[in-house]
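Visitor: Could you show me how to read a model like this one, feature by feature?
Guide: Happy to. Let's have it in front of us.

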2 protein chains.
Amino acid sequence: MVQKRNGATPHATPQAKKAKPTQPLAASPGPKRRGRPRAYQPDVALARALDVFWKEGFAGTSLDDLSAATGMNRPSLYGAFGDKRELYIKSYEAYRDRARQRMGEAFAADLPLREMLERIYAIALDMYLSGKDGPRGCFTVMTATSEAVFDPAIRDLVITGLVETDRFFARIFRRAQERGELPASADPQVLSHLASGTLHTIAVRARAQVPRPELDAIVKGALDLMCGAKAQS
Amino acid sequence: MVQKRNGATPHATPQAKKAKPTQPLAASPGPKRRGRPRAYQPDVALARALDVFWKEGFAGTSLDDLSAATGMNRPSLYGAFGDKRELYIKSYEAYRDRARQRMGEAFAADLPLREMLERIYAIALDMYLSGKDGPRGCFTVMTATSEAVFDPAIRDLVITGLVETDRFFARIFRRAQERGELPASADPQVLSHLASGTLHTIAVRARAQVPRPELDAIVKGALDLMCGAKAQS
DNA sequence: TGATTTATGTACCGTTCCGCATAAAAGTGG
DNA sequence: CCACTTTTATGCGGAACGGTACATAAATCA
């Protein structure tokens with residue numbers, strides 16, 4: 001019951017054979033690859049795989065599911081991404097990349113604290129509630145509550161994601177504090193944990209299909225606390 | 001990939017045949033049941049099953065796992081609790097019962113707000129971090145992030161659990177407010193969501209094996225915010 | 001004692017699972 | 001046109017899965 005998980009995979013990574021013969025960057029269309037061309041685009045296939053994992057979880061997803069979603073058959077999947085676990089890890093990294101990028105854009109917009117946080121939670125809820133068949137929640141939270149217990153590598157990824165989010169919020173609060181938008185007595189770290197916790201609770205509730213207005217209300221209440229409840233009402 | 005889940009089970013519940021012939025209450029040793037006596041105690045077997053589900057999740061738990069954990073073989077399991085899904089539901093209810101009881105005891109102690117909350121989070125962390133092989137987090141959060149998406153009945157259970165916790169915290173804050181421990185401007189509902197959110201975030205982090213001191217620090221920061229940061233430092 | 005009732009233990013069913021072996025296909029390079 | 005390389009396609013193999021049939025065991029009732 002425990003040893004069925006492969007914490008450290010004995011899998012001889014299938015891409016390791018070709019050292020670096022072609023394509024140092026992704027999707028360079030020019031230089032004429034040698035053999036039969038791929039029938040898929042690695043990045044879109046990975047996005048499809050992420051969709052399935054995100055919805056069904058690792059244990060709930062079969063290779064046939066992934067095969068159907070990506071349009072690739074199992075050997076191609078294996079050749080492109082390695083085994084199921086490696087594909088899951090790559091999917092998670094793709095998820096984090098996407099989230100990081102969207103949150104980075106919001107941060108760069110450099111708005112006043114309250115608007116900034118409103119935008120961030122709007123983006124988060126947008127991700128959590130998206131998916132053509134029902135809301136999916138937060139992939140980091142899902143991974144934490146499932147595979148993170150057994151697999152040290154995945155656990156490290158999850159922790160990295162969690163602290164990255166904490167630090168992101170802390171930076172926002174620190175910046176706001178420097179601008180005088182927050183009292184000097186406020187603790188950016190405590191506020192960042194509150195902000196992350198709000199993210200987690202709406203992710204969990206979204207997954208249980210709590211309707212969006214309720215989630216918005218939770219966010220609004222948290223924002224009132226974080227921003228000092230002044231103005232806006 | 002979707003229809004493999006059984007939202008409404010066509011399972012003809014195996015206990016339905018005996019209307020209510022014996023044992024209206026649990027474990028009444030006296031009244032002489034008819035056939036071969038059970039080799040297990042239903043409540044302890046259920047607790048063992050909960051342990052496995054809690055750690056491994058629904059999809060990650062096999063009937064062999066459950067059989068090994070409970071000491072019952074599959075037919076006995078089936079006869080006692082129904083199929084895997086029904087056993088999961090019964091396990092979840094057992095979990096909620098246990099949590100409700102422990103939290104109820106804390107509530108009855110009727111302490112000042114801060115001590116009350118400290119005790120509640122101590123109980124929660126105690127549950128989240130328990131388990132002989134690693135922390136397990138919150139079973140409600142785990143169920144929300146996995147089975148709640150597919151199975152309406154399980155989803156309803158999860159939502160019931162979530163709002164029950166929200167209301168529990170709201171009652172605590174309302175009581176504190178009536179006693180003057182909180183300013184009249186405080187919103188018990190907003191605070192209750194913050195309290196639940198803190199529960200969720202430490203559950204997620206516990207599952208990722210964040211060490212207890214960090215979790216304690218997060219709780220302390222949240223308590224400072226909830227209780228107005230006065231005193232205690 | 002023998003019939004009946006209930007639970008257990010074994011072993012199996014059909015399905016699904018993951019991974020891979022092997023052959024066909026589709027390109028490039030000579 | 002023929003090697004060579006890389007990907008796709010088919011499908012197999014062994015294991016694990018959830019669930020159940022069937023025979024056995026252990027108790028009560030008559």
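**Reading the model**

Guide: Of the 26 residues around DNA strand D, the nearest are A:Gly35, A:Arg36, A:Ser76, B:Arg36 and B:Ser62. Here a residue is near a strand if its C-beta atom, placed from the backbone, lies within 6 Å of it. Keep in mind that this is a predicted model, where local features need pLDDT of at least 70, side-chain atom pairs count only at pLDDT 80 or more, and totals for chains, interfaces and linings use all residues. Residues are numbered from 1 along each chain as its sequence is written, while chains are lettered from A and ligands numbered from 1 in the order in which they are written.

Visitor: Which elements give two or more residues to the surface near DNA strand D?

Guide: Elements first: helices (H or I, at least four residues) and strands (E, at least two) are DSSP runs, numbered from the N terminus. For DNA strand D, they are α3 of chain A plus α2 and α3 of chain B. The largest share, 4 residues, comes from α3(A).

Visitor: And what surrounds DNA strand C?

Guide: There are 26 residues around DNA strand C, and the closest are A:Arg36, A:Ser62, B:Gly35, B:Arg36 and B:Ser76. Two or more residues each come from α2 (63–70) and α3 (74–81) of chain A and from α3 (74–81) of chain B. Here α3(B) gives the most, with 4 residues.

Visitor: How does the surface near DNA strand C divide by class?

Guide: Sort the residues like this: Ala, Val, Leu, Ile, Met, Phe, Trp, Tyr, Cys and Pro count as nonpolar, Asp, Glu, Lys and Arg as charged, and the others, Gly among them, as polar. The surface near DNA strand C then has 9 nonpolar, 6 polar and 11 charged residues. For DNA strand D the split is 9 nonpolar, 6 polar and 11 charged.

Visitor: Is A:Arg36 buried or exposed?

Guide: Count neighbours: a residue is buried if 20 or more other C-beta atoms lie within 10 Å of its own, exposed if 12 or fewer, and partly exposed in between, with C-beta atoms placed from the backbone. A:Arg36 has 6 other C-beta atoms within 10 Å, so it is exposed. Along the chain, A:Arg36 sits in the segment before α1 (42–56) of chain A.

Visitor: By what turn can chain B be laid on chain A?

Guide: Copies are superposed by least squares on the C-alpha atoms of residues with pLDDT of at least 70 in both. Chain B goes onto chain A with a turn of 180° and a shift of 0.0 Å along the axis, at an RMSD of 0.1 Å. The two copies are therefore related as by a two-fold rotation axis. The same surface serves both copies, as 98% of the contact residues of chain B recur in chain A.

Visitor: How many residues does the contact take from chain B?

Guide: Call two residues in contact if their C-beta atoms, placed from the backbone, lie within 7 Å. The contact takes 41 residues from chain B and 41 from chain A. On the side of chain B that touches chain A, α8(B) has the largest share, 11 residues. By class, that side of chain B has 20 nonpolar, 14 polar and 7 charged residues.

Visitor: How many residues of α8(B) are buried?

Guide: In α8(B), 18 of the 20 residues are buried, so this helix is largely enclosed by the rest of the structure. Just after α8(B) comes B:Gln209, with a positive phi near 65°.
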